[in-house]
Amino acid sequence: MSKVRIYSLAKDLGVDNNKMLEILDGLGVSYKSVSSTIEEDTVDLIREILAAEAAEAAPASAQAPAAPMAPAQAETQAAPTPVSTATATAEREPAAAPEVPHRAPVVTIMGHVDHGKTSLLDYIRKTKVAAKEAGGITQHVGAFEAQTSKGRIVFIDTPGHEAFTTIRARGANVADIAIIVIAADDSLMPQTREAIAHAQAAKVPMIVAINKVDLPQADADRVKTDLTQLNLVPEEYGGDLVVVPVSAKTGEGVEDLLEYISLTAELEDLRADPKGPFSGVIIESRVDRQAGVLATVMVQEGTLHVGDFLVVGENYGKIKAMTDSGGGRIKEAGPSTPVQILGFSEAPSSGEQVASAKNEHAAREVIAQRASNRRDVENARIQRKKTLEEMMGPLGETRTVNLILRADTQGSLEAIQGILARKETDEVKINVLLAGIGSPTEGDVLLASTAEATILCFSVTAAGGVKKMAETKGIDLKSFRIIYEMIDEVDRLLRGTIEPVFEERFLGRAEVRMVIRHPKSGNIAGSYVTNGMFKRNAKAKVTRGKEVVYQGTIVGLKRFKDDVREVQTGFECGINLDWNDVLEGDIIEASEMVEVEQA
Ligand SMILES: Nc1nc2c(ncn2[C@@H]2O[C@H](COP(=O)(O)OP(=O)(O)OP(=O)(O)O)[C@@H](O)[C@H]2O)c(=O)[nH]1
């Protein structure tokens, strides 16, 4: 019995992938992604379901007043007669609300040195980029647009994870999909692991391209097996990692790779509004002796026009000219378009955010404000400690301690990871972003800063420059000579992230003696504190007889006309509960939540 891939079936039946997954969910069929395969009898069932839906939809549309047709039915109305995806999309679009349109995916290529990143980009550029118009000079702009049978795909053409992470370190995420290139004759190498760690930290979907499959010594199976050791399980082994064998030399598999990129993009549902406010990111910039500053901007939202004013950091510029990645002059550029801009007076840095301003005056105002904010921060030099919640995410969720491990040998790395694995609990997980042999690198520090990780080194130390960079970025980088001292440090990190336990502590009790009507605050409980004390912002519980009639917060406390923080036993006060139904004779009890020290 033959198996069928979900996306091929969707294409054959003229429905979109999400619809297909919906049906599979309904049938209780498990799958990893749209490229998972399904059994033939499931295919038959799907055909029947679609046919039934189409049959139901047909009379409904004939007698329109009887029942308005649901969009899902409308979508599948044409099924099961095979129609091309393009037709199906064209038919569906008018039905959709005026929603934000799709945009092309932006892809980055990462991997170990010499595994073929540049060759792969070159092959795609050569075969997929339309010939230049006369006079257009192809030059390196940091990104290019490829036209494929599945639509436009934008490639960042500075391969390597340093570029990717430098951009991310500035808070920008340009890439939607990461291609990890692994040479079939070499398999996983240190930079492959790093590239994977960077993509995982950015939460960007990954596709593995096993390159150089044309070589006689190519061993794609070994690469797949090695990947499983990183908990990355290829689809054909039952996991959800898309792995595509390619050759940048012969072009074998490159079409498949492009198809997988489009499929992943479709599932990511990438959208951007060309009519919305503009925002973009600097990909790279350089100073040309004749032209001046040339900056490549990736348009993320909105549309850029020649003549627009742009603000980057504390600089601004007016777009004098704009060229697309093929070197052609253009007047405007929408989302997911890389454009080279002439008009800045200083070269902006990769990863800087770009915004537009209405006119020169507005641009100057924005940068004046930014300069003043920066000075304030510099003057204050406030090293505010982050709250536990800011560091670890909302309370009540499992906490994760992110680590980057560096050690002298593979053996010690494995020993450390073995011990760490046993330290995880339901409350705290340990996430080793990268476990590498040798001294920590600047790339590790960048990764740690974007992923809020701690770098722990065993029997290796960081070079001066790396230490300094860690210091300026506020990254904890520690070296140990004894494994158990390192484990103690991990214990400290784990303890620091165990969720605090709070208990409610009784504060005081008061009787409501009169209700005071306040024009702004509503009804205030004129009360007498009979025991304990009352605090502003404490929790309040109101009882009437035996019944609890209200629970909330003390939003205000007054003594005569003055706002006060606390009122002690034996004093009268006005208690504002932000609740209007308080009555004379009610009893108010105040309490607060206090953190309990844990052993
Ligand atoms: N046989 C074969 N050789 C390839 C293939 N792809 C790349 N190469 C060769 O492998 C070598 C390295 O390729 P590059 O594209 O420079 O690799 P890279 O990953 O960009 O390397 P760096 O930029 O140094 O990190 C070159 O000699 C390429 O010609 C392939 O698919 N098949």
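This tour goes through the structure one selection at a time, from the ligand to two sheets and the helices packed on them.

The model is predicted, so local features were taken only where pLDDT is at least 70 and side-chain atom pairs only at pLDDT 80 or more, while totals for chains, interfaces and linings use all residues. Residue numbers start from 1 along each chain as its sequence is written.

**The ligand**

Select the ligand together with its shell: 16 residues surround the ligand, and the closest are Gly116, Thr118, Ser119, Ala248 and Lys249 (near here means a C-beta atom, placed from the backbone, within 6 Å). The shell divides into four nonpolar, seven polar and five charged residues, where Ala, Val, Leu, Ile, Met, Phe, Trp, Tyr, Cys and Pro count as nonpolar, Asp, Glu, Lys and Arg as charged, and the others, Gly among them, as polar. Helix α6 (residues 117-128) gives the largest share of this shell, three residues; helices (H or I, at least four residues) and strands (E, at least two) are DSSP runs, numbered from the N terminus.

**The six-stranded sheet**

Next, colour the strands of the open sheet with the order β4-β5-β3-β6-β7-β8, in which six strands are joined by mixed pairing (two strands pair if DSSP finds at least two bridges between them). Because β4 (143-148) and β8 (242-245) stand at the edges with a single partner strand each, one side of each has no neighbour in the sheet. Neighbouring strands here are turned by 30 degrees against each other on average, direction ignored; axes are lines fitted to C-alpha atoms, for helices over the stretch in contact, and angles run from 0 to 180 degrees between N-to-C directions.

Within this sheet, pick out β3 (residues 106-111) and β5 (residues 151-156), which pair in the parallel sense over three bridges, with Phe155 in β5 as the bridge partner of Val107. Then bring back α6, which lies across β3, β4, β5, β6 (177-183) and β7 (206-211) and runs at about 55 degrees to β4. Helix α9 (residues 220-228) lies across β6, β7 and β8, at about 145 degrees to β7.

**The four-stranded sheet**

Move on to the open sheet of four strands, ordered β19-β18-β20-β21 with parallel pairing. Its edge strands are β19 (428-437) and β21 (477-480), each pairing on one side only. Strand β20 (residues 454-458) pairs with β21 in the parallel sense over four bridges, and Leu456 stands opposite Lys478 in β21.

Add helix α13 (residues 410-421), which lies across β18 (399-407), β19 and β20 at about 180 degrees to β19, and helix α16 (residues 483-496), which lies across β18, β19, β20 and β21 at about 165 degrees to β20.

**Two helix pairs**

With α13 and α16 still displayed, note that their axes come within 11 Å and cross at roughly 35 degrees. Show the side chains of Ala415, Ile416, Ile419 and Leu420 in α13, which meet Ile483, Met486, Ile487 and Val490 in α16 (contact means C-beta atoms, placed from the backbone, within 7 Å). This contact has eight nonpolar, no polar and no charged residues.

Finally, select helix α14 (residues 442-451) and helix α15 (residues 464-473), whose axes come within 9 Å and cross at roughly 15 degrees. The two helices α14 and α15 are therefore roughly parallel to each other, a description used for angles under 35 degrees. Glu442, Val445 and Ser449 in α14 meet Val466, Met469, Ala470 and Lys473 in α15, and by class this contact has four nonpolar, one polar and two charged residues.

Note on methods
Angles under 35 degrees count as roughly parallel, over 145 as roughly antiparallel, 65 to 115 as roughly perpendicular and the rest as oblique. Two residues are in contact if their C-beta atoms, placed from the backbone, lie within 7 Å.
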